Amino acid sequence: MLEEAATGVAGALVLEPALPGGDHHHHLVCDDCGKVEPFEDPTLEAAIERVADGRGYAVAAHDVVLRGACQDCRPASILAE
Ligand SMILES: [Zn+2]
Ligand SMILES: [Zn+2]
């Protein structure tokens, strides 16, 4: 069986690879307007490392995507909280 994972596309969103040591960030995706915002969070990185270490995993790369509604699209009532 051939390796097809590299060519498989999960959905329309094209994710930039999250490479260690490079320009590493993740994305917030708005399902309403389609906006994709990059973000960095050292605490998140540390948490992912902790999870991997705790399971004896050598993680080469990871992807994190937060989906929902951006500040422009989310209802004002939620924003006011
Ligand atoms: Zn939006
Ligand atoms: Zn990361």
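**Reading the sheet in this model**

From the N terminus on, the elements of the protein run β-β-α-β-α. Keep in mind that this is a predicted model.

Me: What makes β1 and β2 count as paired strands?
Reply: Two strands pair if there are at least two bridges between them. β1 and β2 have four bridges, in the antiparallel sense, so they pass that cut-off. As one example, L28 stands opposite E37 in β2.

Me: What lies between β1 and β2?
Reply: Five residues, and the two strands form a hairpin. G34 sits in that turn and has a positive phi of about 80°.

Me: How do you know that β1 and β3 pair too?
Reply: Try the cut-off of at least two bridges again. Four bridges join β1 (residues 26–30) to β3, so that's a pair as well. These two run parallel, and the bridge partner of V29 in β3 is R67.

Me: Why is the pairing in this sheet called mixed?
Reply: Strands of a sheet can pair either parallel or antiparallel. Here β1 and β2 are antiparallel, while β1 and β3 are parallel. That's the mixed pairing of this open sheet, whose order is β2-β1-β3.

Me: What makes β2 and β3 the edge strands?
Reply: β2 (36–39) and β3 (65–68) each pair on one side only. Ignoring direction, neighbouring strands of this sheet are turned by 20° against each other on average.

Me: How many of the 81 residues count as buried, in percent?
Reply: Just 1%. To count as buried, a residue needs 20 or more other C-beta atoms within 10 Å of its own.

Methods: Residues are numbered from 1 along each chain as its sequence is written. Chains are lettered from A and ligands numbered from 1 in the order in which they are written. This is a predicted model: local features need pLDDT of at least 70, side-chain atom pairs count only at pLDDT 80 or more; totals for chains, interfaces and linings use all residues. Axes are lines fitted to C-alpha atoms, for helices over the stretch in contact, and angles run from 0 to 180 degrees between N-to-C directions. A residue is buried if 20 or more other C-beta atoms lie within 10 Å of its own, exposed if 12 or fewer, and partly exposed in between; C-beta atoms are placed from the backbone.
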